[in-house]
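Student: Could you take me through the surroundings of the ligand in close detail? I would like the cut-offs as well, please.

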Amino acid sequence: MDKSSQTDLPMPQAPDQDTLNTPLYRLASASGLKTWRLAGRELLPVVQGGMGVGVSAGGLAGAVAALGGMGTVSSVDLRRLHPDLWASTADLEKEPDARERIDAANLTALDREIQRAKGIAQGQGAVAVNVMKALSAYEMYVRQALESGADAVVVGAGLPLDLPDIARDHPRTALIPILSDARGVQLLVRKWEKKGRLPDAVVIEHPRLAGGHLGAAKVADLQDPRFDFENVIPQVRAFFQTAGIEREIPLIAAGGISSREDILRLQALGASAVQLGTAFAVTLECDADPAFKRVLANARPEDMVEFISVAGLPARAVRTPWLDKYLRIEPKLKAVAHVKKRCNMAFDCLAHCGLRDGQAEMGQFCIDQQLGHALDGDVGKGLYFRGAGRLPFGNQIRSVHDLMLWLLGGCEPPQLEVERSAPIAFAATPLEVGA
Ligand SMILES: Cc1cc2nc3c(=O)[nH]c(=O)nc-3n(C[C@H](O)[C@H](O)[C@H](O)COP(=O)(O)O)c2cc1C
């Protein structure tokens with residue numbers, strides 16, 4: 001099989017001088033960093049990872065793309081960012097068509113956010129959409145992202161073996177799975193090859209370092225050295241070579257990256273680009289409430305905790321009052337886990353939900369509700385996903401441009417008189433775990 005012609009992507013062209021002459025491209029090149037190509041575009045080697053719920057929407061993704069990187073809109077429950085869509089769907093509970101109406105509102109919101117990102121980007125960089133495989137609306141969100149003109153669809157939290165089928169009519173949209181070890185990459189590539197398509201890039205996310213849901217079966221596995229970039233990246237490159245894959249499949253390393261030196265080290269290992277989550281979540285342009293950013297920016301290493309989420313996957317977050325209380329009473333909640341008549345939020349966000357399905361080995365809280373509280377900056381009630389690593393600017397909230405200057409050029413611009421990251425006082429609140 002001629003693997004180079006499987007996706008009908010435009011042949012790589014030399015980047016035009018205007019693109020390469022923009023200061024960030026010059027800075028990256030002077031630092032010894034390489035650009036990379038995706039879907040016919042020449043990109044800076046920095047990707048902003050998708051962050052739900054509503055944390056990375058059109059504003060953040062567009063700001064990153066406008067500077068020449070890849071920005072990612074998180075697809076899940078975006079109606080929360082649109083007062084008209086939220087007002088018409090937030091109180092649907094027992095209506096028989098609640099789920100259809102909420103899904104429709106979320107698809108409208110996703111389209112709006114993709115257009116917003118593209119409007120801000122003005123043709124620069126790339127705008128991707130992140131969809132979790134574990135979502136019940138996974139296929140709907142992927143189809144909407146394709147129809148709304150996303151440059152790439154990025155899928156994590158499960159193996160997206162069916163993605164090439166869903167995207168069959170969109171050969172120019174880049175398809176990017178998120179995986180954490182070489183075995184997963186091998187399995188996925190073998191299955192996709194049979195469908196006549198290869199990934200356009202692969203995100204290798206390190207479960208010991210990244211934020212949100214993590215690609216390991218158990219919390220105890222998170223430290224396994226098989227996930228270390230030093231192991232995974234060369235193993236994946238070796239697999240591509242032995243499998244005779246001629247087309248270069250870019251690898252994007254994610255988790256704990258905070259400096260130009262990290263990017264240089266990862267490019268030397270064989271990565272084309274890096275993906276950051278937490279550092280972008282604390283930028284001015286991030287779509288969440290300022291209080292959300294302050295919780296992440298002020299978290300100390302000892303505030304971080306790993307636990308099993310309601311999706312059945314390990315996850316990493318800041319031990320805020322709600323999470324602290326939840327973890328303390330988790331054994332009691334598990335002891336009384338039972339199948340619920342309906343989903344707490346009426347739209348069954350997850351295909352398999354520990355709370356709704358009464359699965360005691362999974363988490364026992366409503367993830368959409370808790371992440372929604374975090375998005376709104378409710379420090380007492382929210383669930384605040386965060387990576388384990390240091391942030392480039394400590395607890396400062398800076399612009400996307402400052403972050404890019406730091407990552408690509410190692411230069412830290414003076415802080416403007418922008419928002420200061422005041423310490424957070426956690427207020428005691430009653431525990432809310434859902435229905
Ligand atoms: C607040 C937050 C929410 C996240 N949500 C998602 C998500 O919805 N889907 C996903 O694939 N990854 C998600 N992630 C992971 C990020 O996209 C990224 O890969 C990871 O955080 C990289 O590690 P870093 O935070 O150390 O840079 C999330 C991360 C954070 C911090």
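Tutor: Happily! Helix H11 is the element that gives the most to the shell around the ligand, with 3 residues. Helices here are DSSP runs of H or I with at least four residues, strands are runs of E with at least two, and both are numbered from the N terminus. Keep in mind that this is a predicted model, where local features need pLDDT of at least 70, side-chain atom pairs count only at pLDDT 80 or more, and totals for chains, interfaces and linings use all residues. Residue numbers start from 1 along each chain, as its sequence is written.

In total, 29 residues surround the ligand; a residue qualifies if its C-beta atom, placed from the backbone, lies within 6 Å of the molecule. The closest are Gly49, Gly211, Gly212, Gly277 and Gly387. Two or more residues each come from strand E5 (126–132), strand E11 (273–276) and helix H11 (278–281).

As for chemistry, the shell divides into 12 nonpolar, 15 polar and 2 charged residues. In this scheme Ala, Val, Leu, Ile, Met, Phe, Trp, Tyr, Cys and Pro are nonpolar, Asp, Glu, Lys and Arg are charged, and the others, Gly among them, are polar.

Now for the chain around this site: its secondary structure comes to 16 helices and 13 strands. Its radius of gyration is 21 Å, close to the 22 Å that the globule rule gives for 435 residues, so the chain is as compact as a globular protein of that length. That radius is taken over C-alpha atoms, and the rule is 2.2 Å times the number of residues to the power 0.38. Along the principal axes, the C-alpha trace spans about 60 × 50 × 45 Å.
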